[in-house]
Amino acid sequence: MTALAALLIRRIDAQGPMTVADFMTECLLHPLHGYYSTRDPFGAAGDFTTAPEISQMFGELLGLCLAQAWHDQGAPSPFTLAELGPGRGTLMADVLRATRGVPGFHAAARIMLVEASATLRAVQAQTLHSYPGVTWANDVGALPDQPLFLLANEFFDAMPIRQYERGPLGWHERRVGHRDAVLQFGLSAPMPVPDRRFARDPLGSLIEICPALDNIGAVIGQRLQQHGGAAIVVDYGGWRSRGDTLQALCHHTPEDPLASPGQADLTAHVDFESLALAIASSRTGLTDQGILLERLGIGQRTARLASGLSGQALESHRAAHHRLTDPAEMGSLFKAIAFHAPGTAPPPGFDPDPDA
């Protein structure tokens, strides 16, 4: 039993079963035993590898995409260049390196990283030590009231979710309790449908709702609508996601989400429809990551970088391109969507708004 599991069991004994969202929050952010509070989970030595850690090309292309959107909106100055959940700072470092030659971009940018983990903030500061003026915030509410150009890669999948199942008597919230000091799932008493979008779902359906998404999306949408800018979100999920997608990863291996609280990463698929409703600004369609990267020129960038490589370095470079773009790898699993100020053009590479 992990130290956090023992604490959660004592809490359940005192207060009763907890929501899945509360369980995820404790597992990820508990100040002493939370997953993100105690380690650097990224890369081969951690529990998962994100796209920026696979290849510099990912951040370079998204950075240039944002810079073009900034230029298309009249190159506002100053503006906030923000990243949500910036990991080790690798993505932002690649963005800044790729955009050094964009006239005026760095001079106008006010770099802000939204990161709650003190451990990861220290790693990010080291990664970005050559870029003075980087600031940190605990939440998106601290984003300045000015044009916003934002990236969120594998951020929303770590937002705590609540789960609901439909039974003969109505909907029930899934809760985490325990039996004989072993954590297990249970169900609440019957309740009305938690989200009208799912009112017609059949018996046995399971849905997931992210409470934090509305508040985060509202802030981003307000900045875009009032001050201009664009936000690019890349994550795994779908449009109106259904089913149990809660998953745990420990040392790159899937495991039971209840097995080792605080020692494994917990994520869930992103409901991009909910995100679009929360941000409520002009948006693009949902685009496969691989398709977006190809449109942004990853093929040409791969060839250019390959010209200076040989042997194992060349093979690793080509393998990274394949992993990021191939439909059997990350190319179709991960989706991208962009939000932009009303009346402005969408960032390059994205599908048009299907409802426009």
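I started with Tyr35 in this predicted model: Tyr35 is buried, with a relative accessible area of 0%. I then checked Tyr36, which counts as buried at 13% relative accessibility, because the cut-off is under 20%. The two rings form an edge-to-face pair, since their centres are 5.2 Å apart and their planes stand at 75 degrees.

Next I looked at Phe79 and Phe149. Their ring centres lie 5.4 Å apart with the planes at 85 degrees, so this pair is edge-to-face. Phe79 belongs to strand S2 (residues 79-84) and Phe149 to strand S5 (residues 148-153), so the contact ties together parts that are 70 residues apart in sequence. I found both Phe79 and Phe149 buried. I also followed the ring pairs outward: they link Trp70, Phe79, Phe105 and Phe149 into a cluster. My tally of aromatic pairs came to 7.

A charge over a ring turned up as well: the charged end of Arg174 sits over the ring of Phe185, 3.9 Å from its centre.

Then I turned to strand S11 (residues 247-250). Which of its side chains are buried? Ala248 and Cys250 are, and they point to one face, while Gln247 and Leu249 point to the other and are not buried. S11 pairs antiparallel with S13 (residues 265-267) over 3 bridges, and I noted Ala248 opposite Leu266 there.

On to S12 (residues 253-255): 3 bridges join this strand to S11, again antiparallel, with Pro254 as the bridge partner of Leu249. S11 and S12 make a hairpin with 2 residues between them, and His251 in the turn has a positive phi of about 55 degrees.

Definitions and conventions
Residues numbered from 1 in each chain as written. Predicted model: local features only at pLDDT ≥ 70, side-chain atom pairs only at ≥ 80, totals over all residues. Heavy atoms only, no water. Buried < 20%, exposed > 50% of the residue type's maximum accessible area, 1.4 Å probe, protein only. Helix = DSSP H or I, 4+ residues; strand = E, 2+ residues; numbered from the N terminus. Pairing = 2+ DSSP bridges. Phe/Tyr/Trp six-rings, centres within 6.5 Å; stacked < 30°, edge-to-face > 60°. Lys NZ or Arg CZ within 6 Å of the ring centre and 35° of its normal.
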